[in-house]
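Q: Please take me on a close look at the aromatic side chains in this model, and at the sheet as well. I would like one connected account.

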Amino acid sequence: MNYKRITLLSGHYGSGKTNIAVNMALELKKQYERTAIADLDIVNPYFRTLDSKKELDEAGIELIVSQYANTNLDAPALPQNMYAIVHDKTLKTIVDVGGDDRGALALGRLSPMIWEEKNYDMFLVINYYRPLTRDIASLQEVRAEIEMAGRLPFTGIINNSNLASGTTAETVLASVDYAKEAEEKLGLPLVLTTIEERLYPQLEGKIENMFPMKLQKRPV
Amino acid sequence: MADKVLMKGNEAIAEAAIQAGCRHYFGYPITPQTEIAAYMAKRMPKIGGTFLQAESEIAAINMVYGVSAAGKRVMTSSSSPGISLKSEGLSYLAGADLPALVVNCQRGGPGLGGIQPSQSDYFQATRGGGHGDYHMIVLAPSSVQEMAQLTIKGFELADEYRMTSMILADGTIGQMMEPVSFDFEIKEQIEKPWATTGTKMARKHNIVNSLYLNPEQLEVTNIERYKRYDIIKEKEAIAEEYLVDDADIIVAAFGIAARVSKNAVNQARAEGIKVGLIRPITLWPFPEKAFRKAAEHAKQIICVELSMGQMIEDVRLSTECKVPVSLCYRVGGMIPTPDQVYQAIVEAAKKGEK
């Protein structure tokens, strides 16, 4: 994929932004030396970018994360170095924006600078199997709420339809029509469809613009 | 919603409650269960239900009391410190014999503790929590699918026995995402002739109350209530038994600890160690029979908990200390790894050889 200087991932919470962000950062790092991943999530208490710290460190990816992520501090804390995303123009950053409009609120502080620089992509991550965004009208609602809170327009859609460990090739194929309808009704290009690595061979050639993903490790 | 969807455990509880006919939710946000309230806030207004963020946990549980007295299915949810605040209300619900569903998505304690998962409210849940002689039905899910399933069961049991059902989950099961299917058979709600719905001048008025002016009457009420508890103990205790029949070593664990333990049991079985797992699904009533039966052939029991050892007391009581019971634990928001449990099993197996 051809990455802009800033790539933002946003969407309904639980749509899978963090997993995609980690995988994108690892891919981007192969193309570009100074790659960073930023976690702007102020909503989720568990399952954060930091869970993949070891892998990200080993790859030499710079971390822009709150020092309180994965601790017991239950406060909406942002990374102290979050302005590096907009000020350090030698960085290319994948930004994991928090879920829904509440999560996107933190983005509002950076969006005027991102908008001015005009070198960003913001992708709406969708998952057909999330019950509150199964119809296009709900998706439109989420999109509007995020754009209002984050003060930045989306530039594309990533289809991340999955059932976690229960995902099969059929699971992904059954989401294609939904993703196409989203593309048409929301007027945003469908940029990628994520595929868990183990399913890639079965789906090769069947779906356009596939993005193979490794899933983050979970404690149980 | 016949096909599978991907949900957080907390969301699965909320959706299952709606499908069980619950149209009244009262709560106050606290990590790691806030998704229940968030889901209700989105869904309830669309289906003619009530979502209300109360000014405190205490207010929320008393709103539950009110709706329950009016005969409607109602719930609240919180996490450990919030449940402590609700404890007075839980006691009043018990004293007035009112059905309700309460979720405790546990986090580390005591005090403000932390926001990471824990199982250290076992005593609080199974011994009642508030003041007075009473129990709640306590259900312990170990997957997102079970979060949904036990929520529906919880409402049904609460109505049947006129008491509170508590879903005793933990932060991890609340936050983790798994596929869920909602093709449940949901029983029709039973009549509640005791509810305060207005006499329409056709019957004597109903009273919902936990104050008894006369001590003799209060004594009788308590004794009658415990007769009901005896029926529940006899009929409603459930446990999952996994590879127990020939086991020399039994691992006892519920909820998230049982998931970790099952991996360890499989690993040890592959090494030829005769080990099985008993996973209590109801924590009250405790599945005593499953443990009593296993104690006839097992030589050791390992209790795996995210606490300093709470369920272990019920394991010892139900086996009447015939078998030595040891503890394998993590606390403070930490989760035992499958390897930690596996090592405990190996240790026990070595001890058994001596």
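**Aromatic rings and a mixed sheet**

A: Let's begin with one ring in chain B: B:Phe291 has a relative accessible area of 0%, so this residue is buried. Please keep in mind that the model is predicted. B:Phe286 also counts as buried, because its relative accessibility of 9% falls under the 20% limit. We will come back to these two after a look at the wider set of rings.

Over all chains, the count comes to 9 aromatic pairs. One of them joins B:Tyr122 and B:Phe254, whose ring centres are 5.7 Å apart with 40° between the planes, a tilted arrangement. This pair links distant parts of the chain, since its two residues are 132 residues apart. B:Tyr122 belongs to helix H5 (residues 122–126) of chain B, while B:Phe254 lies in the loop between strand S10 (249–252) and helix H9 (255–270) of that chain. B:Tyr122 has 0% relative accessibility and therefore counts as buried; B:Phe254, at 1%, counts as buried too.

Back to B:Phe286 and B:Phe291: their ring centres are 5.3 Å apart and their planes meet at 10°, so this pair is stacked. The planes have to be under 30 degrees apart for that label.

Chain A has its own aromatic group, a single cluster made of A:Tyr128, A:Tyr129 and A:Tyr178. One member of the cluster also has a charged neighbour: the charged end of A:Arg134 sits over the ring of A:Tyr128, 4.2 Å from the ring centre. A similar kind of contact involves A:Trp115, with the charged end of A:Lys118 placed over its ring at 4.8 Å from the centre.

Now for the sheet, which takes us back to chain B. Here 7 strands form an open sheet with mixed pairing, and their order is S3-S2-S4-S5-S7-S6-S12. At its edges are strand S3 (50–53) and strand S12 (282–284), each pairing on one side only. From one strand to the next, the twist averages 20°.

Strand S2 (residues 24–27) of chain B pairs with strand S4 (residues 74–78) of chain B over 2 bridges, in the parallel sense. Within these strands, B:His24 stands opposite B:Val74 of S4(B). Helix H3 (residues 57–69) of chain B packs on the sheet, where it touches S2, S3, S4 and strand S5 (100–106) of chain B. The direction of helix H3 makes about 165° with that of S4(B).

Terms used:
Residues are numbered from 1 along each chain as its sequence is written. Chains are lettered from A and ligands numbered from 1 in the order in which they are written. This is a predicted model: local features need pLDDT of at least 70, side-chain atom pairs count only at pLDDT 80 or more; totals for chains, interfaces and linings use all residues. Side-chain values use heavy atoms; hydrogens and water are left out. Rings of Phe, Tyr and Trp (its six-membered ring) pair if their centres lie within 6.5 Å; planes under 30 degrees apart count as stacked, over 60 as edge-to-face and the rest as tilted. Helices (H or I, at least four residues) and strands (E, at least two) are DSSP runs, numbered from the N terminus. Buried means under 20% relative accessible area, exposed over 50%, partly exposed in between (1.4 Å probe, protein chains only). A charge sits over a ring if NZ of Lys or CZ of Arg is within 6 Å of the ring centre and within 35 degrees of the ring normal. Two strands pair if DSSP finds at least two bridges between them. Axes are lines fitted to C-alpha atoms, for helices over the stretch in contact, and angles run from 0 to 180 degrees between N-to-C directions. Contact means heavy atoms within 4.5 Å.
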